[in-house]
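Hi,

Here is the structure I said I would pass on. Have a look at it first, and my notes on what turned up follow underneath.

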Amino acid sequence: MLQTDSEFTKTRWICTIIGLGFYLVDIVTDVGLAVKYFLVGNLVWAGLTLLFVVVGSAATQVFSYTWYRDDTRNPLVNPGGDKLISGMNRGRLIGLHVLQMGIFTRYYHLLKAGYMAVWFKSPETVEFSREVHLVLFGRATDLSMLKLFETFLESAPQLLFQMYILLGHGHKSTIQCICMVGSFINIAWAIVDYRRCLRRSLPQVQEMPSGLPTFVYLLYKLLTITAHILSLSLFLVLSPYSTLGMAVVWLAGTLWAHWVRTDFCTSKGLERLYRIIVGVVLIFTFFNVKGQDTRWQMAVYYVFFAFVNLSGPLLLVLVRPEVNATEYFWPVTLLIFGGTVLGLAYLLLYYTVYHPRGRSLQADEVDGHMGQEREPDTMLRMRNFLQL
């Protein structure tokens, strides 16, 4: 029998379907909202709403295809040198990704292989079964990485933009509310799914415990990200030129990723794209891009984070005192203050009490040391990837 922590279970398979459902709802509602804006003549809103969807999807397709291609070049993953990738030739795979179907292709292969492994268990040896489940977790982790990219390139900016429209222009509709709720749920699901999937997939890292530790981690991330998005939306209400400040944060994050020499990708061009995405993620939350001790970097980040959150409502009421009379200002301000304080409290609680005390991830390395057997590309991505 496999140990529970190394087995791709029925619950994990069902959660994959739920994650696919959240992803579909998020995309469909965003596209539907863009169409609604277009029909009522709000062309700029429609264009920006759709732009976030396109950028998030396009970036994930690039990484998805590259990872498929890298797997065929890895003798451990593809010892026979088969030119077919998961039963598909290169032309078909390129076509699927051009049509923005790369994520759905990965969902299909994971659900199909997972179904055979967890619902029709065969009497294979324990070692063979362990390898099968490790491969499944590798596929799930690849998918969770791509979902995380999409979350911070599409869901988080979309939530910020719709909050700006709601608070700054007083425009609200049913589909807009569904869109924001969908983005919020997608953010929550992607963060926890990625965190758990990553830790479970790496043998040198203790698994993230389920139950209360996961719940505390989720509260820490959701409260801090939500408070930050609300504060940034107030900056946008104050002036749309506040986007320049966000651009500065993005540039600083991208330069930091370059300075620490992230080594996540096998090509320089893709590594640059990855560092650009790092900058976007750092607008909304902190993560460890090198798998090393970053407690001081995290402390500096969240001091700056708290300063920005508290400055948003204060500057708005000083520069535009008329906002005191609006129905949203004080509830949003309370959510910002409460979310910031509680989120940071849960951060401290998680990292002092519940954080797994396993061996930390090593620094990013693509090829490992000279003379060592090269790891499967999926395991390299998991080891080299960021820690939220």
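I'll begin with a serine: S64 sits in helix α2. Keep in mind while you look that this is a predicted model. S64 counts as buried because its relative accessibility is 0%, under the 20% cut-off. Its side chain still has a polar partner, since the side chain of H97 is in polar contact with that of S64 at 2.8 Å. If you skip the neighbours within four places in sequence, the residues in contact with S64 are H97, G102, R106 and L146.

R106 is a good one to follow from there. The side chain of R106 meets that of D142 in a salt bridge, at 3.8 Å from N to O. This pair ties together distant parts of the chain, with R106 in helix α4 and D142 in helix α5 (residues 126–169), 36 residues apart. And are the two partners buried or exposed? R106 is buried, at 9% relative accessibility, and D142 is buried as well, at 2%. So S64 touches a residue, R106, that is itself counted as buried because 9% falls under 20%.

The structure holds 5 salt bridges, and here are two others from that set. R69 pairs with D70, and the closest N and O atoms are 3.6 Å apart. R69 is partly exposed at 23% relative accessible area, whereas D70 is buried at 10%. That puts R69 and D70 on opposite sides of the 20% cut-off, which is why one is called partly exposed and the other buried. The other one joins the side chains of E322 and R320, with 3.3 Å from N to O. Both of these partners are partly exposed: E322 has a relative accessibility of 47% and R320 has 29%.

Now for the outside. There is a nonpolar patch on the surface, formed by V31, V35, F38, L39, V40, L43, L50 and V54, and together they have about 750 Å² of accessible area. Which helices supply it? α1 (10–39) and α2 (43–73) each give at least two residues, and α1 provides the largest share, with 4 residues. L39 is one of the patch residues and has its place in helix α1. L39 is exposed because its relative accessible area, 67%, is over the 50% cut-off.

While you have α1 on screen, check its length. α1 has 30 residues and spans 44 Å from its first C-alpha to its last, close to the 44 Å expected at 1.5 Å a residue. Just after α1, G41 takes a positive phi of about 95°.

That brings me to backbone angles elsewhere. Most residues other than glycine have a negative phi, so two loop residues may be worth a look. Q100 is not a glycine, yet its phi is positive, at about 65°. Q100 lies in the loop between α3 (90–98) and α4 (102–119), and it is partly exposed, with 30% relative accessible area. R261 is the other: its phi is near 60°, again positive in a residue other than glycine. You'll find R261 in the loop between α8 (243–259) and α9 (268–284). R261 is exposed, at 65%, because that value is over 50%.

Finally, the whole-protein numbers. What does the secondary structure come to? There are 12 helices and 0 strands, so reading along the sequence just gives α-α-α-α-α-α-α-α-α-α-α-α. Of the 388 residues in the protein, 50% are buried. Taking contacts between residues at least 6 apart in sequence, 78% of them join residues at least 24 apart. The accessible surface comes to about 18600 Å², and carbon and sulfur atoms account for 69% of that.

If you want a place to start, I'd go with S64 and its polar contact to H97, then move on to the R106 and D142 salt bridge, and leave the nonpolar patch with L39 for afterwards.

Cheers

Definitions and conventions
Residues numbered from 1 in each chain as written. Predicted model: local features only at pLDDT ≥ 70, side-chain atom pairs only at ≥ 80, totals over all residues. Heavy atoms only, no water. Patch = residues over 30% accessible without salt bridge, like charges linked within 9 Å, V, L, I, M, F, W, Y side chains within 5 Å. Areas by Shrake-Rupley, 256 points an atom, 1.4 Å probe, with all protein chains shown as cover. Salt bridge = Lys/Arg side-chain N within 4 Å of Asp/Glu carboxyl O. Buried < 20%, exposed > 50% of the residue type's maximum accessible area, 1.4 Å probe, protein only. Polar contact = N/O pair within 3.5 Å; in protein donor to acceptor, adjacent residues only side chain to side chain. Contact = heavy atoms within 4.5 Å. Expected span 1.5 Å × (residues − 1).
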